[in-house]
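Good morning, and thank you for making time for this short presentation. Please look at the sequence and the structure as I bring them up.

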Amino acid sequence: MKRYCKRCYASLANAVNERCAKCSRAFDAEDAKTYLTRPFPPLREIVTNFVVITIVGAMVAFVVALHQITGASGH
Amino acid sequence: MQQPTRQFRYVLDPLCLTAAVVYLAHRWWLAPAGWSNEWARAYLNDVLCLPLFLPVILLLLRWTRVRKHDGPPTLWEVLHHWLIFAVVYELVLPRFPSVWHTNADAWDVVAYLAGGLLAWTWWQCGWRARWRRHTISTVAASEPSAFRSV
């Protein structure tokens, strides 16, 4: 079974001392919760991250827009 | 050889700080003094948008552990936030002119993208230059003979 790092998604085939060769994140070959079986996160995590990132980005955009409302931006 | 950790400095990143300085200089000095032009007054802020605010957003995402690394912004992160800013500023806010006093302008979208891509190129090239310097210094320290003239 192929294993992939949960942090950087690199293959763990070249791992040394059960640590990712790329980012040194530790994993346990006997515990499936410590690694991924595909080189990308689960769909649920992808969707959640996308939504959270969009919300945070939009919030910052609105804060900047408030700055423009006050006329201080010069825009 | 394992690559060094690409430590992105977020709001302390030189490009982010430069964008902030350029914005402040234009806003409080150049424009009021009449040393600006029509293009700068219309689009400079838009070009500076992503270089200035993307590091802030990524820092917030890092603190909330949504972002799992400290590397420079990826192309996906730049494009995702370009889309967010374009939708908010050119589609959402213009629908409430009595509140936001802004007009939709397609060239603003181009300006956001141009600023974002230029910044991404700089961040990526800057990391590669540091990696080359790190590689050279590491090899020089471990194998001085490799740098002796023949």
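Which side chains meet in a salt bridge at 3.0 Å, N to O, with A:Glu45 as one of the partners? Please keep in mind that this is a predicted model. The side chain of A:Glu45 meets that of B:Lys68, at 3.0 Å from N to O. This pair crosses between chains: A:Glu45 sits in helix H1 of chain A, while B:Lys68 belongs to the loop between helix H2 (38–63) and helix H3 (75–92) of chain B. How accessible are the two partners? A:Glu45 has a relative accessible area of 25% and is therefore partly exposed. B:Lys68, at 30% relative accessibility, is likewise counted as partly exposed.

Let me place this pair within the interface. In total, 29 residues of chain A are in contact with 25 residues of chain B. The area buried between the two chains is about 2200 Å², and carbon and sulfur atoms give 67% of that area. Across this interface the rule finds one salt bridge, and that one joins B:Lys68 and A:Glu45. Polar contacts between chain A and chain B, with both residues at pLDDT 80 or more, number four residue pairs. On the side of chain A that touches chain B, the residues divide into 15 nonpolar, ten polar and four charged.

I turn now to chain B on its own. Chain B contains five helices and zero strands, so that its pattern along the sequence reads α-α-α-α-α. Of its 150 residues, 38% are buried. The accessible surface of chain B comes to about 9200 Å², with 66% belonging to carbon and sulfur atoms. How are its contacts distributed along the sequence? Taking contacts in chain B between residues at least 6 apart in sequence, 68% join residues at least 24 apart.

How many salt bridges does a search of the whole structure find? The search gives three over all chains. Besides the pair between chains, there is a salt bridge between the side chains of B:Arg62 and B:Asp70, at 2.7 Å from N to O. Are these two residues buried or partly exposed? B:Arg62 is partly exposed, because its relative accessibility is 24%. B:Asp70 stands at 19%, and since buried means under 20% relative accessible area, B:Asp70 counts as buried.

A further salt bridge joins the side chains of B:Arg67 and B:Glu77, at 2.8 Å from N to O. This pair links distant parts of the chain, ten residues apart: B:Arg67 lies in the loop between H2 and H3 of chain B, and B:Glu77 lies in helix H3 of chain B. Both B:Arg67 and B:Glu77 are buried.

Finally, I should like to return to chain A and to one proline. A:Pro39 is found in the segment before helix H1 (43–69) of chain A. Which residues are in contact with A:Pro39, leaving aside its neighbours within four places in sequence? They are A:Tyr4 and A:Tyr9. The C-alpha atom of A:Pro39 is also separated by 8.1 Å from that of A:Arg3, a residue 36 places away along the chain. With a relative accessibility of 41%, A:Pro39 counts as partly exposed.

To close, I would leave you with the pair with which we began: A:Glu45 and B:Lys68, whose side chains meet in a salt bridge that crosses between chains.

Notes:
Residues are numbered from 1 along each chain as its sequence is written. Chains are lettered from A and ligands numbered from 1 in the order in which they are written. This is a predicted model: local features need pLDDT of at least 70, side-chain atom pairs count only at pLDDT 80 or more; totals for chains, interfaces and linings use all residues. Side-chain values use heavy atoms; hydrogens and water are left out. Helices (H or I, at least four residues) and strands (E, at least two) are DSSP runs, numbered from the N terminus. Buried means under 20% relative accessible area, exposed over 50%, partly exposed in between (1.4 Å probe, protein chains only). Contact means heavy atoms within 4.5 Å. Accessible areas come from the Shrake-Rupley method with a 1.4 Å probe; for residues, only the protein chains shown count as cover. Buried area is the accessible area (1.4 Å probe) that two parts lose on being put together, summed over both. A salt bridge is a side-chain nitrogen of Lys or Arg within 4 Å of a carboxyl oxygen of Asp or Glu. A polar contact is a pair of N or O atoms within 3.5 Å; within protein, one must be able to donate a hydrogen and the other to accept it, and residues adjacent in sequence count only if both atoms are side-chain atoms. Ala, Val, Leu, Ile, Met, Phe, Trp, Tyr, Cys and Pro count as nonpolar, Asp, Glu, Lys and Arg as charged, and the others, Gly among them, as polar.
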